[in-house]
Amino acid sequence: VIALAAAVTLANRVPLKVDVIRDRATLAREIEGGVIENVYRLQLMNTEERPHVYSIGVGGVESIALAAASAVEVPAATTKSMIVRVHVLPGHGKPGSNKIEFRVQAADDERIVVREASVFILPR
């Protein structure tokens with residue numbers, strides 16, 4: 001039974017780990033056009049023995065979007081850290097803390113997907 005449980009666990013594990021760390025030095029800032037920006041550090045750990053290109057998306061607040069390219073290549077069995085800027089248009093979301101979710105998915109394998117919760121701060 002233990003061997004069967006271990007085999008099932010190994011077969012169903014997702015070979016990607018994602019950590020989202022919000023930049024605490026800058027809570028939120030207003031940029032050109034009244035757009036509110038928060039900055040995050042994403043750490044992507046590819047635990048497979050082959051490289052993957054991952055697409056990164058974000059959701060949870062109306063008009064939320066990444067400020068730059070949303071794809072990153074991570075070599076086999078390595079970790080890649082990157083800074084991600086997230087924008088919300090003026091008038092969307094509620095002042096204070098808003099729950100958001102980052103979604104990271106391998107471009108070549110739809111089964112490799114991780115969702116990681118975070119918060120987006122809007123000024124009061």
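**Entry: Glu-37 and its partner**

I looked up Glu-37 to begin with, and in this predicted model the residue is buried, with a relative accessible area of 6%. I then searched for a charged partner and found that Glu-37 forms a salt bridge with Arg-29, where the closest N and O atoms are 2.6 Å apart. Arg-29 itself is partly exposed, at a relative accessible area of 32%, so I noted that this bridge pairs a buried acid with a base that is partly exposed.

**Entry: the count**

I next asked how many salt bridges the structure holds. The answer I wrote down is six.

**Entry: Glu-101 and Arg-115**

I turned to Glu-101, whose side chain meets that of Arg-115 in a salt bridge with an N to O distance of 3.7 Å. Glu-101 sits in strand β8, which covers residues 96-106, while Arg-115 belongs to strand β9, residues 109-122, and the pair therefore ties together parts that lie 14 residues apart in sequence. For accessibility I recorded that Glu-101 is partly exposed, with a relative accessible area of 36%, and that Arg-115 counts as partly exposed too, at 48%.

**Entry: a shared network**

Which residues are joined into one network by salt bridges that share partners? I listed Glu-48, Arg-50, Asp-108, Asp-109 and Arg-111. Within this group I checked the contact between the side chains of Glu-48 and Arg-50, which meet in a salt bridge at 3.3 Å, N to O, and I added that Arg-50 is partly exposed, its relative accessible area being 36%.

How values were computed
Residues are numbered from 1 along each chain as its sequence is written. This is a predicted model: local features need pLDDT of at least 70, side-chain atom pairs count only at pLDDT 80 or more; totals for chains, interfaces and linings use all residues. Side-chain values use heavy atoms; hydrogens and water are left out. A salt bridge is a side-chain nitrogen of Lys or Arg within 4 Å of a carboxyl oxygen of Asp or Glu. Buried means under 20% relative accessible area, exposed over 50%, partly exposed in between (1.4 Å probe, protein chains only). Helices (H or I, at least four residues) and strands (E, at least two) are DSSP runs, numbered from the N terminus.
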